[in-house]
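Visitor: Pick one part of this model and take me through it closely, residue by residue. After that, tell me how it sits in the rest of the chain.

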Amino acid sequence: MSNEEALARLKQKCEAKIRELRQKHKLEIAAKDKEIQDYLQEIAAKDKEIQDYLQAVAAKDKEIQDCRQAIDAKNSKIQDCRQAIAVKDSKIQDYREQIAYLRKLSMASAERVIYNNIEVNTTSESKSMTDSSSKNINVGGNVTGSTLNIGEISGTVTNAIGQLPASLQSDQPEIKELLTELQSAIEADTNLSDDDKAEALEQVKTLAEVGQNPQESTMQKAGKTAMKILKGTIASLPSAATLVEACSKLLPAIASLLLLP
């Protein structure tokens, strides 16, 4: 066999071996490609699962946030209701105290009326045998008794005002001065009946007592009640009445010094 034939055979063997290796490598590469594609598909599927899970979590978070906002809104409404109830309860308590005070005042007025009636009856019985002129004097005696009652109340108010401490600020009017002016205006007013004067003077006495300790809650409530009664008293008077004009200046100043709303 010649060298050329040997080389040709060797070449054929080499080419066959190369083709065999190439085919083998192609199959291996194809198999690896398929493995890679399958792996990538698995990764894509996992990514989709993760995205779906994250979306579900986000949806749950939004639901939780919405629930929290709804709860906060409910809590805010509940708080508003509680505050409204507290305000109403405070007003109810104020009204109850005012009613109790007015009942007490009415009882005191009734006792004064009964006392005056007893005094009148006693005087009438003792003077039953006198002439008509004596009866006229008896009427005058009733008026004097009523005047004495107002005088007693006025003296009590003056004593209560006198117990107030002096103001530390010399550039501002003292509560004592303002209450004294109010007392004088009430006593001098001719539009008020004796009962109305007595009631108004009782309120001035209450304000003087508030001045002893204006920051105490009970005193504050008593002061507010006294202010309301005084305002109600002057509301029935003519607008040109001296007491109305005096109260329009004195009551706001007194309320300010006593820390009343």
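Guide: Let's start with E63 and K60, which sit 3 residues apart in helix α1, about one turn of the helix. Helices here are DSSP runs of H or I with at least four residues, strands are runs of E with at least two, and both are numbered from the N terminus. Before going on, a word on ground rules: this is a predicted model, in which local features need pLDDT of at least 70 and side-chain atom pairs count only at pLDDT 80 or more, while totals for chains, interfaces and linings use all residues. Residues are numbered from 1 along each chain as its sequence is written, and side-chain values use heavy atoms, with hydrogens and water left out.

Back to the pair. E63 and K60 make a salt bridge, with 4.0 Å between the closest N and O atoms; the term asks for a side-chain nitrogen of Lys or Arg within 4 Å of a carboxyl oxygen of Asp or Glu. The spacing fits the helix rule: an α-helix has 3.6 residues a turn, so residues three or four places apart point the same way. As for cover, K60 counts as exposed at 51% relative accessibility, while E63 is partly exposed at 46%. Those words have fixed cut-offs: buried is under 20% relative accessible area, exposed is over 50%, and partly exposed is in between, using a 1.4 Å probe and protein chains only.

Now walk back along α1 towards the N terminus. D52 and K48 are both in this helix, 4 residues apart, again about one turn. Their side chains meet in a salt bridge at 3.1 Å, N to O. K48 is exposed at 53%, and D52 is partly exposed at 37%.

Further back you reach K32 and E35, also both in α1 and 3 residues apart, about one turn of the helix. Here the closest N and O atoms of the salt bridge are 4.0 Å apart. K32 has a relative accessible area of 52% and is exposed; E35, at 48%, is partly exposed. A search of the whole structure turns up 6 salt bridges, including the ones we've just visited.

Next to E35 in sequence comes something without charge. I36 belongs to helix α1, which spans residues 3-126, and is partly exposed at 46%. Together with Y39, L40 and I43, I36 makes a nonpolar surface patch of about 380 Å². For patches, residues need over 30% relative accessible area and no salt bridge; like charges are joined within 9 Å, and nonpolar side chains (Val, Leu, Ile, Met, Phe, Trp, Tyr) within 5 Å. The areas come from the Shrake-Rupley method with a 1.4 Å probe, and for residues only the protein chains shown count as cover.

So much for α1; here is the setting. The chain has 6 helices and 0 strands. Of its 261 residues, 22% count as buried, and it exposes about 18,700 Å², with carbon and sulfur atoms supplying 56% of that.

For a buried spot, try I150 in helix α2 (residues 132-162). I150 has 15% relative accessibility and counts as buried. Beyond its neighbours within four places in sequence, I150 is in contact (heavy atoms within 4.5 Å) with D194, K197, A198 and L201.

The C-terminal helix, α6 (residues 242-257), has its own buried set: L243, V244, A246, C247, L250, L251, I254 and A255. These residues pack against α3 (175-188), α4 (194-212) and α5 (217-235). There is also a bend of about 30° at S248, with a proline, P252, following within four residues; the bend is the angle between axes fitted to the seven residues ending there and the seven starting there.

One last stop is L259, in the segment after α6. L259 has a positive phi of about 65° although it is not a glycine. Most residues other than glycine have a negative phi. L259 is partly exposed, at 48% relative accessibility.
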